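Me: I have a new model open and would like a quick tour. Can we go through it piece by piece?

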Amino acid sequence: MADRQVEGVKNFARLAHTGFYDWLSLFDVQKGNYIRGGSPRDQDFAGPEQYVRITNSANIPHQKGTLSLITRTSRGAKEVGSIFFICRKDHPEWNTEHVPIGRIISG
């Protein structure tokens, strides 16, 4: 999956390597639905200084275990920042909305 969504993976890796995610909490856990994290303010609208325009152009499905970056619409385009979620069940309704960057396969 990572090789099909390179820009999203680069954005996530850049933030991780700079320490952006250090000490952040998972701020929204809905049992059996999803887990969200990556916000410095523990809410949906916080994020890094820089956002990146990326879409799910590879049409990767949001299946159980998928790690995705949450998009927001700004100036007519989809952008991702730091907030991510992990699907705890399939979410096909998010396939055209958010940007999958990986999949948890165990643990």
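Me: Start with Glu7. Buried, partly exposed or exposed?
Reply: Glu7 counts as partly exposed, because its relative accessibility is 45%. Buried means under 20% relative accessible area, exposed means over 50%, and partly exposed is in between, with a 1.4 Å probe and protein chains only. This is a predicted model: local features need pLDDT of at least 70, side-chain atom pairs count only at pLDDT 80 or more, and totals for chains, interfaces and linings use all residues. Residues are numbered from 1 along each chain as its sequence is written, and side-chain values use heavy atoms, leaving out hydrogens and water.

Me: Which residue does Glu7 form a salt bridge with?
Reply: Lys10. Their closest N and O atoms are 3.6 Å apart. A salt bridge here is a side-chain nitrogen of Lys or Arg within 4 Å of a carboxyl oxygen of Asp or Glu.

Me: Where do the two lie?
Reply: Both are in helix 1, residues 6–17. They are three residues apart, about one turn of the helix. Helices (H or I, at least four residues) and strands (E, at least two) are DSSP runs, numbered from the N terminus.

Me: How many salt bridges turn up in the whole structure?
Reply: Four. One of them joins Arg36 to Asp28, with the closest N and O atoms 2.2 Å apart. Both Arg36 and Asp28 are buried.

Me: Any other bridge to look at?
Reply: Try Glu97 and Lys78, whose side chains meet at 3.0 Å, N to O. This pair links distant parts of the chain, 19 residues apart. Glu97 is in the loop between strand 5 and strand 6, while Lys78 is in strand 5. Glu97 is partly exposed, because its relative accessible area is 30%. Lys78 is partly exposed too, at 23%.

Me: Zoom out. How many helices and strands are there?
Reply: One helix and six strands. From the N terminus, the order is α-β-β-β-β-β-β.

Me: And how compact is the chain?
Reply: It is as compact as a globular protein of that length, because its radius of gyration is 13 Å, close to the 13 Å that the globule rule gives for 107 residues. The radius is taken over C-alpha atoms, and the rule is 2.2 Å times the number of residues to the power 0.38. Along the principal axes, the C-alpha atoms fill a box of roughly 30 × 30 × 25 Å. Of the 107 residues, 42% count as buried.

Me: What's in the largest nonpolar core?
Reply: Ten residues: Leu15, Tyr21, Ile54, Leu67, Leu69, Val80, Phe84, Ile86, Val99 and Ile101. A nonpolar core is a set of buried Ala, Val, Leu, Ile, Met, Phe, Trp, Tyr and Cys residues joined through side-chain atoms within 4.5 Å. Strand 4 (66–74), strand 5 (77–87) and strand 6 (99–103) each supply at least two of its residues. Strand 5 gives the most, with three. A second, separate core has seven residues, including Ile70, Ile83, Cys87 and Trp94.

Me: Why would such side chains sit together?
Reply: In soluble globular proteins, nonpolar side chains tend to be buried together.

Me: Back to Tyr21. Where is it found?
Reply: In the loop between helix 1 and strand 1 (26–30). Tyr21 counts as buried, because its relative accessibility is 14%. Leaving out residues up to four places away in sequence, Tyr21 touches Phe12, Leu15, Ala16, Gly38, Leu69, Ser82 and Phe84. Contact means heavy atoms within 4.5 Å. The C-alpha atoms of Tyr21 and Gly38 are 6.1 Å apart, with their positions 17 residues apart along the chain.

Me: What about the rings? How many aromatic pairs are counted?
Reply: Six. Rings of Phe, Tyr and Trp (its six-membered ring) pair if their centres lie within 6.5 Å; planes under 30 degrees apart are stacked, over 60 edge-to-face, and the rest tilted. Phe12 and Tyr21 make a tilted pair, 5.1 Å centre to centre, with 40 degrees between the planes. Phe85 and Trp94 make an edge-to-face pair, at 4.9 Å and 75 degrees.

Me: Which residues do ring pairs link into a cluster?
Reply: Phe12, Phe20, Tyr21 and Phe84.
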